[in-house]
Structure formats: structure tokens, C-alpha cells
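Colleague: I am new to this structure and would like a close look at a single part, the sheet. Please also describe what lies around it.

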Amino acid sequence: VQCIFSTETAFAALRSDGSLVTWGSKSAGGDSRKVEEQLTSGVQEVYSTDSAFAAIKSDGSVVTWGDAAHGGDSTKVSQQLQNVQIFSTDSAFAALKM
């Protein structure tokens with residue numbers, strides 16, 4: 001494990017092979033099954049709000065999961081989330097195009 005990240009009640013561990021494993025409260029990002037296939041490799045950075053996670057992958061894409069009201073659902077803007085820098089507050093993510 002390279003690093004561990006957290007929301008208020010969930011954790012995500014970034015492994016040295018670029019995969020990510022999550023546990024804890026399902027509603028706060030502990031359940032990443034909906035995006036599991038995207039987290040098996042290439043994860044470089046992880047950010048969190050109080051109940052969601054965002055991962056930047058080596059191909060420049062961003063994967064989010066957790067409470068949709070706190071940034072856990074980026075499906076509507078996923079095409080725009082390429083090669084960005086992520087910033088987070090307690091309840092939202094922001095992306096800055098690089």
C-alpha cells in the first residue's frame with residue numbers, strides 16, 4: 001500500500017500496482033463496485049470530500065464514486081474530465097483543465 005485516503009466514514013488504499021481498494025460506509029465511498037473495473041490499474045491520485053472519492057488515472061481520466069450529492073457521480077461531465085487537476089471541499093469537487 002502506497003497511501004490511504006479517507007472520507008468521514010470510508011477509506012481507499014492505493015496499492016503500488018496502481019489499483020485501489022475501498023472499505024467502510026457504502027454511502028460514503030466505501031462501496032466502489034459501480035466503478036470497480038476502472039480502479040484495477042492506473043490510479044495515480046485520489047481526492048475526497050466528506051462522502052465521495054475521485055481518482056485520477058494515468059490516462060488522464062477521472063473516476064468518482066460515493067455520495068452523488070457530494071461529488072460521487074460525475075457521469076454528466078465525464079467527457080470533460082480529461083487531464084485535469086482536482087480540488088475538493090467537504091461537499092464538492094472542482095476540476096481545473098491542465
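Modeller: The sheet comes first, then a surface patch and a salt bridge.

This is a predicted model, in which local features need pLDDT of at least 70, side-chain atom pairs count only at pLDDT 80 or more, and totals for chains, interfaces and linings use all residues. Residues are numbered from 1 along each chain as its sequence is written, and side-chain values use heavy atoms, with hydrogens and water left out.

Three strands form an open sheet in the order 1-2-3, with antiparallel pairing. Strands here are DSSP runs of E, at least two residues, numbered from the N terminus, and two of them pair if DSSP finds at least two bridges between them. Strand 1 and strand 3 (20–24) are at the edges with a single partner strand each, so one side of each has no neighbour in the sheet. On average, neighbouring strands of this sheet are turned by 20 degrees against each other, direction ignored; the axes are lines fitted to C-alpha atoms. Four bridges join strand 1 to strand 2 (residues 10–14) in the antiparallel sense. F5 stands opposite A12 in strand 2.

V1 lies in the segment before strand 1 (3–6). V1 is exposed, at 71% relative accessible area (exposed is over 50%, partly exposed from there down to 20%, buried under 20%, with a 1.4 Å probe and protein chains only). Together with I4, F11 and W23, V1 forms a nonpolar surface patch of about 420 Å² accessible area, by the Shrake-Rupley method with a 1.4 Å probe. Patch residues have over 30% relative accessible area and no salt bridge; nonpolar side chains are joined within 5 Å, like charges within 9 Å.

The count is one salt bridge, defined as a side-chain nitrogen of Lys or Arg within 4 Å of a carboxyl oxygen of Asp or Glu. R33 forms a salt bridge with D31, their closest N and O atoms 2.9 Å apart.

Terms used: Axes are lines fitted to C-alpha atoms, for helices over the stretch in contact, and angles run from 0 to 180 degrees between N-to-C directions.
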